[in-house]
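Biologist: I should like to go through this structure with you, taking the helices, the sheet and the core in turn. Please show the model before we begin.

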Amino acid sequence: QSMSGVPNIPDSELWVVEATLRERYGKPVEVQLADVELRLDPAVMELTQCPAMVWKEQGAGFIISKVGDNRYRCQFFYSAREQYGTGKAEYDDLLDCVVTLLKLQADHEAKRQQNK
């Protein structure tokens with residue numbers, strides 16, 4: 001458990017993400033563990049340190065933050081100005097979170113290519 005009281009990311013959760021990425025990209029993708037500061041309650045300005053899984057693939061960065069027991073938030077980004085969520089505040093299923101994040105980024109990437 002981290003200092004903020006948010007549970008750390010166990011190997012089993014890391015495995016779910018790595019296995020899903022391997023299936024999606026057809027190769028192993030290195031996932032880094034990191035800490036991020038998030039506002040867990042929109043009504044409270046205070047930031048809470050949360051463990052996160054971070055990786056880069058195909059020009060995009062991805063982050064899945066663990067904000068509680070079986071509670072995850074995610075986003076992908078190209079730069080500080082170009083950051084995207086999935087439209088869903090939180091997931092209670094890690095696999096659903098990863099798959100949705102990858103699908104939305106792929107859809108977004110296809111639109112970006114069309115607009116070039």
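Modeller: This is a predicted model. A convenient place to start is Gly26, which follows H1 and has a positive phi, near 75°.

Biologist: How many residues does H1 have, and what distance does it reach from its first C-alpha to its last?

Modeller: H1 covers residues 11–25. At 1.5 Å a residue a span of 21 Å is expected, and the helix comes close to that. H1 has 15 residues and its C-alpha atoms reach, from first to last, 21 Å.

Biologist: Against which elements do the buried residues of H1 pack?

Modeller: The buried residues of H1 are Glu13, Leu14, Val17, Ala19, Thr20, Leu21 and Tyr25. The helix lies across S1, S2, S3 and S4, and runs at about 20° to S2. Its buried residues pack against S1, S2, S3, S4 and H2.

Biologist: What is the handedness of the crossing of H1 and H2, left or right?

Modeller: The two axes come within 10 Å and cross at roughly 35°. Residues of H1 in the contact include Val17, Leu21 and Tyr25, and those of H2 include Leu95, Leu102 and Gln105. The crossing in which H1 passes H2 is right-handed.

Biologist: Which strands stand at the edges of the sheet?

Modeller: The sheet is open and has five strands in the order S1-S2-S3-S4-S5, with antiparallel pairing. Each edge strand has a single partner strand, so one side of it is left without a neighbour in the sheet. The edge strands are S1 and S5.

Biologist: How many bridges join S3 to S4?

Modeller: S3 also pairs with S2, in the antiparallel sense and over six bridges. Ile64 has Met53 as a bridge partner, and in S4 its partner is Cys74. S3 and S4 run antiparallel, and the number of bridges joining them is seven.

Biologist: Which residue takes a positive phi in the hairpin of S2 and S3?

Modeller: This hairpin links S2, residues 48–57, to S3, residues 60–68. Two residues lie between the strands. The positive phi, near 55°, belongs to Gln58.

Biologist: Why is S2 described as largely enclosed by the rest of the structure?

Modeller: S2 pairs with S1 over seven antiparallel bridges, and one bridge joins Val54 of S2 to Gln32. The description rests on burial, because of the 10 residues of S2 the number that are buried is seven.

Biologist: Which element gives the most residues to the largest nonpolar core?

Modeller: That core has 22 residues, and Val17, Leu21, Met53, Trp55, Phe62 and Ile64 are those with the most contacts inside it. Trp55 touches Val17, Leu21, Phe62, Ile64, Leu101 and Leu102, among others. H1, S2, S3, S4 and H2 each give two or more residues to the core. The most, five residues, come from H2.

Biologist: How many residues does the second, separate core have?

Modeller: In soluble globular proteins, nonpolar side chains tend to be buried together. Here the second core includes Val6, Cys50, Ala52 and Ile63. Its number of residues is six.

Biologist: Is Gln105 buried or exposed?

Modeller: Gln105 is placed in helix H2. Beyond four places away in sequence, it touches Tyr25, Ala60, Phe62, Phe76 and Tyr78. Residues under 20% relative accessible area count as buried. Gln105 has a relative accessibility of 0%, and therefore counts as buried.

How values were computed. Residues numbered from 1 in each chain as written. Predicted model: local features only at pLDDT ≥ 70, side-chain atom pairs only at ≥ 80, totals over all residues. Heavy atoms only, no water. Core = buried A, V, L, I, M, F, W, Y, C linked by side-chain atoms within 4.5 Å. Buried < 20%, exposed > 50% of the residue type's maximum accessible area, 1.4 Å probe, protein only. Helix = DSSP H or I, 4+ residues; strand = E, 2+ residues; numbered from the N terminus. Contact = heavy atoms within 4.5 Å. Pairing = 2+ DSSP bridges. Expected span 1.5 Å × (residues − 1). Axes fitted to C-alpha atoms, helices over the stretch in contact; angles between N-to-C directions. Left-handed = near helix turned anticlockwise from the far one by under 90°.
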